[in-house]
Amino acid sequence: MEKLKIPLYEALIKHAQNSPASYHVPGHHNGAALEYALQAIDRGQADEIRGHLSAMMQLDVTELSSTDDLHHPEASIMEAQRLAAQCYGAEETCFLVGGSTSGNLALLLAVCDPGDLIIVQRNVHKSVINGLKLAGARAVFLTPRIDKGSGLSMVPTVEQMKAALHQYPEAKAVFLSNPNYYGMGVKLDAYVEVCHEYGKPLLIDEAHGAHYGIHDQLPTSAIQAEADGVVQSTHKTLPALTMGAMLHLQGSLLDRRRVREALAMVQSSSPSFPIMASLDISRAIVDKLGYKLFHSAIEAIQSFRLWVRESKMIITALDVEHNFDMQIDPLRLILKVPSGKLSGYELHRELEKHGCWAEMSDPLYTVLVIGPQAAADGTLSRLKDALTAIHQTYASSECHDLYDLHRPYSVEWSDHGEDISEPVVFARSKELASTRVPLDEAIDHRSAEMIVPYPPGIPLVYPGERFSSSHLADIKRLSDAGAKFQGAEEGTMATVAILIEEKC
C-alpha cells in the first residue's frame with residue numbers, strides 16, 4: 001500500500017531516529033529532562049505521564065538545520081506548505097500554529113494601515129475585532145441576514161456588500177465569516193465577482209470549513225470560489241492538533257509580502273513542530289483519501305437524522321431549507337427541543353451526563369460536530385442511546401418559559417443597527433475612565449468592555465458601542481439561560497462596565 005507523502009513529519013522522524021543530543025530549547029530536551037524528573041515521583045503516575053508525553057516530545061524540537069524555520073521556510077516546511085496549497089487549490093498556503101485567530105489578525109494587518117477603512121460582517125469572531133484594533137483601522141459593518149427557518153445569522157447579502165463598496169470606494173477589502181458556527185453558509189462566487197469588479201480583495205474566515213470541497217455532498221470552499229485570502233481551522237474538522245490552521249492565498253489583490261510580515265508578528269518565533277506536523281499529516285490524508293475520508297460519515301449522519309425524525313422524540317434535528325445559494329454542512333448536527341421542555345443549554349448538559357460532549361449551545365440549539373470516524377467507532381450509537389434516555393426522562397415533564405426558547409443567540413442583529421453602518425474607529429489607545437453599573441442602567445451608555453458569549457465567540461457589544469435596549473435584553477436572556485461570557489469582567493452580567501463620558 002502506498003505511503004503518505006508528509007515531508008515535515010518525515011524530517012522530524014528522521015531527526016529523532018538519529019538519537020540526537022539536545023543542547024537547545026525546548027527545555028524537555030527530546031524528553032530526557034522529563035524522564036529524569038519522573039524518576040523522583042510515584043511510578044504509576046510517572047508511567048501515565050510518560051505514556052502521554054514522551055513520544056510527542058521526540059517531535060517537539062526547535063528551528064534546526066534538519067527541521068526548517070516557519071518564518072523563513074526553505075526545506076521541509078516549505079515543501080509541506082507547497083503540497084497544502086496544491087491540495088486545496090490555492091496559489092500559496094501558510095501554516096498557522098495560533099489557530100484561525102493568527103490568520104485573521106495577519107490578513108487585517110496586511111490590508112489595513114492605521115485609519116484605513118474595511119467592510120466587515122457585523123457578527124464576526126472576536127479575533128477580527130482584535131485585528132481591527134491592532135491595525136488601527138476603521139470598519140463599516142454589514143448586518144447579517146437572518147435565516148427565517150432557524151432564526152440564525154448568516155453572511156450579509158451580496159447586494160448589501162455591493163452597496164457598501166459603492167458608498168465607501170476607499171475601502172481596502174471586504175471581510176466575511178462563512179460558514180457560521182452552525183454549518184450554514186452561502187456560495188461565495190457572486191461575492192468574489194463583485195469584490196473583484198471593485199478591485200478589492202475578499203477575505204474569508206472559513207474556520208469551520210477546512211473539510212469543504214473534499215466530498216460532493218460537502219459545501220464548496222471559499223478557495224474554490226476564488227476568494228483572495230481564506231483562513232481555515234484545520235484542527236476543527238480534520239485530524240490535526242488544536243491550534244493547527246492554514247491561511248490560503250491566491251490572486252494579485254493581496255500583498256503577500258505584507259501577509260508574511262504580519263504572520264511573523266502575530267505567530268510565535270518558537271512554533272510548535274507537533275502542530276505543524278499534524279497539519280502536514282492532515283493534508284496528506286486528504287490528498288490520499290479524498291472523498292472517501294467523509295463518505296461513510298455523511299451516509300451515517302443521514303441515517304441518524306432519519307432515525308431522529310422517525311423516532312418522534314421530544315428532541316429534533318434542525319433541517320434547514322436549501323435555496324439557490326445556501327450551503328449546509330451535513331456533518332453539523334443541530335439539535336433542539338421545540339416543546340420548551342429543555343433549552344439548548346440544558347440539552348447540552350444532559351448530553352454530558354451521558355458522556356456525550358457537544359461543541360456548543362445557545363438558548364435554543366445544541367451543536368454537535370460529527371467527525372469522519374463516526375460510522376466506525378460507535379459515536380452515533382452512543383448518541384442514540386443518550387437521546388433516547390433524555391427523551392424518556394423529559395417526555396412527560398412540563399414545559400417552562402424561564403427564557404425565550406424561540407430565539408437562538410444571534411437572531412436580534414437587525415435590531416442593533418442599519419444594514420450598512422457608519423465607519424467605526426478601532427484603535428489601541430490609553431484606557432478611558434470607566435465604572436460598573438447594574439445591567440439595566442447601562443442603556444445609552446458606551447460599553448467599556450467587549451461582551452462575548454462563548455462559544456461562539458462573536459462579540460455582542462464592542463468597546464465604545466452604546467448599549468441599546470436590544471443589547472441589554474440579549475445579555476440578560478443569554479445570562480439567564482446559562483451562557484458563559486468572555487471579555488466582561490463579571491461573568492454573571494449583573495453589572496457591566498461603561499465609559500465615563502465628559503458632559504459638554
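A cavity, as the word is used here, is a set of grid points where a 1.4 Å probe fits but cannot get out. In this predicted model, the count comes to two cavities of 30 Å³ or more, and the second largest cavity holds about 40 Å³ of space. The chain itself is divided into domain 1 (7–59), domain 2 (88–278), domain 3 (292–405) and domain 4 (431–499), and the points below take up its domains, its empty spaces, the packing of helix 1, and some details of the backbone.

**Domains**

- The C-alpha centres of domain 1 and domain 4 lie 45 Å apart.
- Domain 2 (88–278) and domain 3 (292–405) each give at least three residues to the lining of the second largest pocket.

**The second largest cavity**

- The residues that line the second largest cavity are Asn178, Val186, Lys187, Leu188, Asp189, Glu206, Tyr212, Thr220, Ser221, Ala222, Ala225 and Gln327.
- Sorted by class, the lining of this cavity has five nonpolar, four polar and three charged residues.

**The second largest pocket**

- The second largest pocket contains about 650 Å³ of space, and its lining is made up of 28 residues, of which Trp357, Val369, Ile370, Gly371 and Gln373 lie nearest its centre.
- Helix 9 (234–237), strand 15 (365–369) and helix 14 (379–394) are the elements that give two or more residues to the lining of this pocket.
- When the lining residues of the second largest pocket are divided by class, twelve are nonpolar, ten are polar and six are charged.

**Helix 1 against helix 4**

- Helix 1 (residues 7–17) packs with helix 4 (residues 76–88) at an angle of about 155 degrees, and the axes of the two helices are 7 Å apart.
- Because angles over 145 degrees count as roughly antiparallel, helix 1 is described as roughly antiparallel to helix 4.
- On the side of helix 1 the contact is made by Pro7, Leu8 and Ala11, while helix 4 contributes Ser76, Ile77, Glu79, Ala80 and Leu83.
- The contact of helix 1 with helix 4 has six nonpolar residues, together with one polar and one charged residue.

**Helix 1 against helix 11**

- The axes of helix 1 and helix 11 (residues 273–289) come within 7 Å and cross at roughly 130 degrees, and the two helices are therefore oblique to each other.
- Helix 1 takes part in this contact through Pro7, Leu8, Tyr9 and Leu12, and helix 11 takes part through Phe273, Met276, Ala277, Asp280, Ile281 and Arg283.
- The residues of the contact of helix 1 with helix 11 divide into eight nonpolar and two charged, with no polar residue among them.
- Pro7 and Leu8 of helix 1 thus appear in the contact with helix 4 and also in the contact with helix 11.

**Backbone details**

- Most residues other than glycine have a negative phi, and most peptide bonds are trans.
- The peptide bond from Val25 to Pro26 is cis, with omega near 0 degrees, and Pro26 is located in the loop between helix 1 and helix 2 (32–38).
- His29, which is found in the loop between helix 1 and helix 2, has a positive phi of about 50 degrees although it is not a glycine.
- A cis peptide bond is also present from Asn178 to Pro179, with omega near 10 degrees, and Pro179 lies in the loop between strand 6 (174–177) and strand 7 (184–186).
- Asn178, the residue before Pro179 in that cis bond, is also one of the residues that line the second largest cavity.

Definitions and conventions: Residues numbered from 1 in each chain as written. Predicted model: local features only at pLDDT ≥ 70, side-chain atom pairs only at ≥ 80, totals over all residues. Heavy atoms only, no water. 1 Å grid on protein atoms, 1.4 Å probe; cavity = no way out; pocket = protein on both sides within 12 Å on 5 of 7 lines; lining within 4 Å. Points joined across faces, edges and corners; volume = space filled by probe spheres on them. Helix = DSSP H or I, 4+ residues; strand = E, 2+ residues; numbered from the N terminus. Nonpolar A, V, L, I, M, F, W, Y, C, P; charged D, E, K, R; others polar. Domains from an automatic or database assignment. Axes fitted to C-alpha atoms, helices over the stretch in contact; angles between N-to-C directions. Parallel < 35°, antiparallel > 145°, perpendicular 65-115°, else oblique. Contact = heavy atoms within 4.5 Å.
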